[in-house]
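Open the model in your viewer and keep the selection panel at hand. The tour goes stop by stop, with something to select at each one.

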Amino acid sequence: MASIAMFARTICKNALGNNKTLTSRYMQVVRCMSSGKFEYIITEKRGEKKNVGFVKLNRPKALNALCDGLMKEVSQALDEFELDKDIGCIVLTGGDRAFAAGADIKEMLEREYAQVYGGNFLNHWSRLASCEKPVIAAVNGYALGGGCEIAMMCDIIYAGEKAQFGQPEITLGTIPGAGGTQRLTKAIGKSKAMELVLTANRMSAQEAEKSGLVSKVFPVDEVVNEAVKTAEKIASFSKITVAMCKEAVNASYEMSLNEGLHFEKRTFHSTFATNDRKEGMTAFIDKRTPEFTDS
Ligand code: CO8
């Protein structure tokens, strides 16, 4: 393993010169690829064609509390799956009892203001939201605080029928810090978001589906398989078209209607520069299954 890492470092130096950020990110990927093992998560390739990147949060004794090491490993796994040309979609899940019970309170206890502000504490959590490939959250049990927030960073949320969502930070004398006041409000509207954030009440899977936070609810032991099935379907399409769809839907969060419609139209136009648009339409006319080449 040491020699693989040394070899990779030499390649990095040659290819990336003095770009320390890129070199360090690449080295993290190499380290985890060469060790093949994480402490707080389990990763696999799933699906019949092994085209689904699977990430399971695996810190069950602490109900998958999101300690710094765990979130760094999630980032590394995403880096790895993003670089992997075979992977078309990613599934993020936890355990039956907890998807994740929030940021690690024990780790946060002794932090001081200057330290968290100066170090931009937990800024790297946003890696999940910037993943270029679609991510489906398969949620069983508690998705609280940061747990609810990382589910909302995903593109689709499937929930087991006993899942519970909530933002209980107010009980700890703090507030949500990774989207609980922003993404949640956009997903379920002001009144429901206010109620969750101000009271720490939890929302059931059924209510979350009714409110639009979750797209489907399944029996507890089926939710992960259903998420993988959906991920396989997404992975069967052209990766370039999938990326464009994701980018366009996400743009609706950031732009006015007119700007968003313009962005959508131009992105639609740009699909005409791809081989996969031609292949998709030709296959329709020929009454056959398209063979996308991600080009
Ligand atoms: N952090 C650390 N440890 C935790 C956490 C947590 N968030 N949640 C549970 N644990 C630990 C418990 O301490 C306990 O450990 P131990 O056995 O060593 O005492 C173990 O997990 C089992 O927990 P419980 O005994 O409490 O299990 P219960 O079934 O009785 O209760 C609950 C389950 C209701 C989930 C309960 O554990 C709970 O309320 N947990 C805390 C939930 C919470 O408040 N979450 C919000 C945390 S703050 C946050 O997420 C802010 C995010 C900001 C992100 C900013 C990014 C930029």
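Which helices and strands each supply at least two residues of the shell around the ligand? Select helix 4 (105-108), strand 6 (142-144) and helix 6 (146-153): each of them does. Bear in mind that this is a predicted model.

**Stop 1: the ligand shell**

Stay with helix 4. The largest share of the shell, three residues, comes from this helix. Now show the whole shell, in which 26 residues surround the ligand. The closest are Arg97, Ala101, Ala103, Ile105 and Gly146. Colour the shell by class: 15 residues are nonpolar, four are polar and seven are charged.

**Stop 2: polar atoms at the ligand**

Select Arg97 and show its side chain. A polar atom of that side chain lies 2.8 Å from an oxygen atom of the ligand. Go to Ala101 next, and show the backbone. Here a backbone N or O atom lies 3.0 Å from a nitrogen atom of the ligand. Then pick Lys61. A backbone N or O atom of Lys61 is 3.4 Å from an oxygen atom of the ligand. Now switch on a surface. On its own the ligand has 1,100 Å² of accessible area, and the protein covers 67% of that.

**Stop 3: the sheet**

Hide the ligand and show the strands as ribbons. What is the strand order in the open sheet of six strands? Reading across, the order is 1-2-3-5-7-10, and the pairing is mixed. Look at the two edges. Strand 1 (41-46) and strand 10 (216-218) stand there, each with a single partner strand, so one side of each is left without a neighbour in the sheet. Turn the view to look along the sheet. On average, neighbouring strands are turned by 20° against each other, direction ignored.

**Stop 4: strand by strand**

Select strand 2 (residues 52-57) together with strand 3. The two pair in the parallel sense over five bridges. Label Val55: its bridge partner in strand 3 is Leu92.

Move on to strand 3 (residues 89-93) and strand 5, which pair in the parallel sense over four bridges. Label Ile90, which stands opposite Val135 in strand 5.

Add strand 7 (residues 156-160). Strand 5 pairs with strand 7 in the parallel sense, over four bridges. Here Ala138 stands opposite Tyr158 in strand 7.

**Stop 5: strand 5 up close**

Is strand 5 mostly covered or mostly open? Select residues 135-139: the strand is mostly covered, and five of its five residues are buried. Now show the side chains. Val135, Ala137 and Val139 point one way. Ile136 and Ala138 point the other way. The residues on both faces are all buried.

**Stop 6: two helices**

Select helix 11 (residues 239-254) and find Tyr253 in it. Tyr253 is partly exposed because its relative accessible area, 43%, falls between the 20% and 50% cut-offs. Add Arg183, 70 residues away along the chain. The C-alpha atoms of Tyr253 and Arg183 are separated by 9.3 Å.

Last, select helix 13 (residues 275-286), where Glu279 has its place. Is Glu279 buried or exposed? Glu279 counts as buried, because its 17% relative accessibility is under the 20% cut-off. Show the side chain of Arg288 as well. The side chain of Glu279 makes a polar contact with it, at 2.7 Å.

Methods: Residues numbered from 1 in each chain as written. Predicted model: local features only at pLDDT ≥ 70, side-chain atom pairs only at ≥ 80, totals over all residues. Heavy atoms only, no water. Near = heavy atom within 4 Å. Polar contact = N/O pair within 3.5 Å; in protein donor to acceptor, adjacent residues only side chain to side chain. Areas by Shrake-Rupley, 256 points an atom, 1.4 Å probe, with all protein chains shown as cover. Nonpolar A, V, L, I, M, F, W, Y, C, P; charged D, E, K, R; others polar. Buried < 20%, exposed > 50% of the residue type's maximum accessible area, 1.4 Å probe, protein only. Pairing = 2+ DSSP bridges. Axes fitted to C-alpha atoms, helices over the stretch in contact; angles between N-to-C directions.
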